[in-house]
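Please open the model in your viewer and keep the sequence panel beside it, since this tour moves from one selection to the next. At each stop, select the residues named and compare the display with the description.

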Amino acid sequence: MMKKFFYGLKKFLSQQITLMFVFHSTYGTIKKNFSIAFILFLFLLWTAFTAVSVYFATRHIDYWSAKIRAAVLGTKYEYLNKELSKVWEFLAKVEENDRAIRKLLGMKSKKEIIINSPEQGGPFTVQQANLLQEVTKSLNDVNLLNYKTHFTLIEEYAKSQVESYNEICNYIKLQKELYKYTPLIWPCQGRVTSPYGRRIHPLLGVEHFHTGIDIANDIGTKIYATADGVVKYTGWMEGYGKAVVIEHKFGYKTVYAHLSVIKVKQGQKVSRGDVIGLMGNTGTTTGPHLHYEVWKDGKLCNPIKFVNIEDFFKG
């Protein structure tokens, strides 16, 4: 059976095929005889050649494709390095501005950011140096963990700057509050007839401690609130006559005594410069004047230290 098959195959492959080439010229006609085996051989040879060509062409395309991807990746890598470098430079400027603002405001953070040395570098100088080393590396040496470290540091630093910004804002708010609620002006026009401290009582003739200052002027002279606050008391006080007590924030309290007229009510909010009464001579007095007291955290203070608003800005 197999011999018969191979015999038939051999007979088929040995058959001749005539190819005729007809030239439309003087060459005439050319006839060539080829066996089927030879034609089949040429077909297989052409197929193999085509397959090999496609294989090498495909490898070449993959090579150039990989090379292009590597070039694109390298460009992105360089761009990322440049952007990271810009971010570090920006954060350094932010920190420099932070120190300058804190120095201007006289602030000190918990970590003593301001060290009276404007030339001092920020705490992330080492990280910036490490980044410069990363930039000089080749693409094959890139470590993604290093970038993750940089991004983590940038995030932490940004958070610290936000906290610092909030601290500065709170400090400015505090200074504004201190300015509003600290007694800083004269309570009225006039002349000081009796200072704060020990003196001889003008009526009793004995030495005693004078708890405020006396400012003399005509009856009806306007009396002003020396800081923002809330009126805690209005009415008669023994020895003080008609009086007004204003409670301010930060432990401050002011007392205005010997008034002829009270122009505010208990619980009323007042601002610095508001008229709260008129000068008089009610209570224990030798003449029309204002007795003015300043208290801080329950202790008496010398009011003369709280009448010049410019002193607040010197502090």
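Is Phe 250 buried, partly exposed or exposed? With a relative accessibility of 30%, Phe 250 counts as partly exposed, because that class lies between the buried limit of under 20% and the exposed limit of over 50%. Bear in mind from the outset that this is a predicted model.

**The whole chain**

Before going further into detail, colour the protein chain by secondary structure, and you should find five helices and 14 strands. Of the 315 residues in the chain, 27% are buried, and the chain exposes about 21,400 Å², of which carbon and sulfur atoms supply 61%. Among contacts with a separation of 6 or more, 61% are between residues 24 or more positions apart.

**The loop between β9 and β10**

Return now to Phe 250, which is found in the loop between β9 and β10, and inspect its backbone: phi is positive, at about 60°, although the residue is not a glycine.

Next, select His 248, which is found in the loop between β9 and β10 as well. At 7% relative accessibility, His 248 counts as buried. Leaving out residues up to four places away in sequence, His 248 touches Tyr 181, Pro 183, Ala 227, Asp 228, Gly 229, Lys 253 and Thr 254. Within that group, look closely at Asp 228, whose backbone oxygen lies 2.6 Å from a polar atom of the His 248 side chain.

**Three salt bridges**

The structure holds three salt bridges, and a convenient one to begin with joins Lys 249 to Glu 177, with their closest N and O atoms 3.3 Å apart. This pair links distant parts of the chain, since Lys 249 sits in the loop between β9 and β10 while Glu 177 belongs to helix α4 (residues 144–181), 72 residues apart. Lys 249 counts as partly exposed, at 42% relative accessibility.

Now select Asp 228 again, this time with Lys 180, and display both side chains, which meet in a salt bridge with an N to O distance of 4.0 Å. Asp 228 lies in the loop between β7 (222–224) and β8 (229–237), whereas Lys 180 lies in helix α4, so the pair ties together parts that are 48 residues apart in sequence. The partners fall into separate accessibility classes: Asp 228 counts as buried at 13%, and Lys 180 counts as partly exposed at 33%.

For the remaining stop on this theme, select Lys 296 and Asp 297, whose side chains meet in a salt bridge at 2.9 Å, N to O. Here Lys 296 counts as partly exposed at 25% relative accessibility, and Asp 297 counts as exposed at 55%.

**The nonpolar cores**

In soluble globular proteins, nonpolar side chains tend to be buried together. To see how this chain arranges such residues, select Ile 223, Val 244, Ile 246, Tyr 256, Val 270, Ile 276 and Leu 290, which touch the most other members of the largest nonpolar core, a set of 20 residues. Strands β6 (213–216), β9 (241–247), β10 (252–262), β12 (275–279) and β13 (289–296) each supply at least two residues of this core. A second, separate core has six residues, including Leu 84, Leu 153, Ile 154 and Tyr 157.

Centre the view on Ile 223 and show its contacts beyond four places in sequence; among them are Pro 187, Cys 188, Tyr 256, Leu 259, Ile 276 and Leu 290.

While strand β10 is in view, select His 258, which lies in that strand. Its phi is near 65°, a positive value in a residue other than glycine, and His 258 is buried, with a relative accessible area of 4%.

**A nonpolar patch on the surface**

For the last stop, switch to a surface display and select Ile 17, Phe 38, Ile 39, Phe 41, Leu 42 and Leu 45, which make a nonpolar surface patch of about 510 Å². Helix α2 (residues 36–105) supplies the largest share of this patch, five residues. Finish on Leu 45, which lies in helix α2 and counts as partly exposed, at 48% relative accessibility.

Terms used. Residues numbered from 1 in each chain as written. Predicted model: local features only at pLDDT ≥ 70, side-chain atom pairs only at ≥ 80, totals over all residues. Heavy atoms only, no water. Helix = DSSP H or I, 4+ residues; strand = E, 2+ residues; numbered from the N terminus. Buried < 20%, exposed > 50% of the residue type's maximum accessible area, 1.4 Å probe, protein only. Contact = heavy atoms within 4.5 Å. Areas by Shrake-Rupley, 256 points an atom, 1.4 Å probe, with all protein chains shown as cover. Core = buried A, V, L, I, M, F, W, Y, C linked by side-chain atoms within 4.5 Å. Patch = residues over 30% accessible without salt bridge, like charges linked within 9 Å, V, L, I, M, F, W, Y side chains within 5 Å. Polar contact = N/O pair within 3.5 Å; in protein donor to acceptor, adjacent residues only side chain to side chain.
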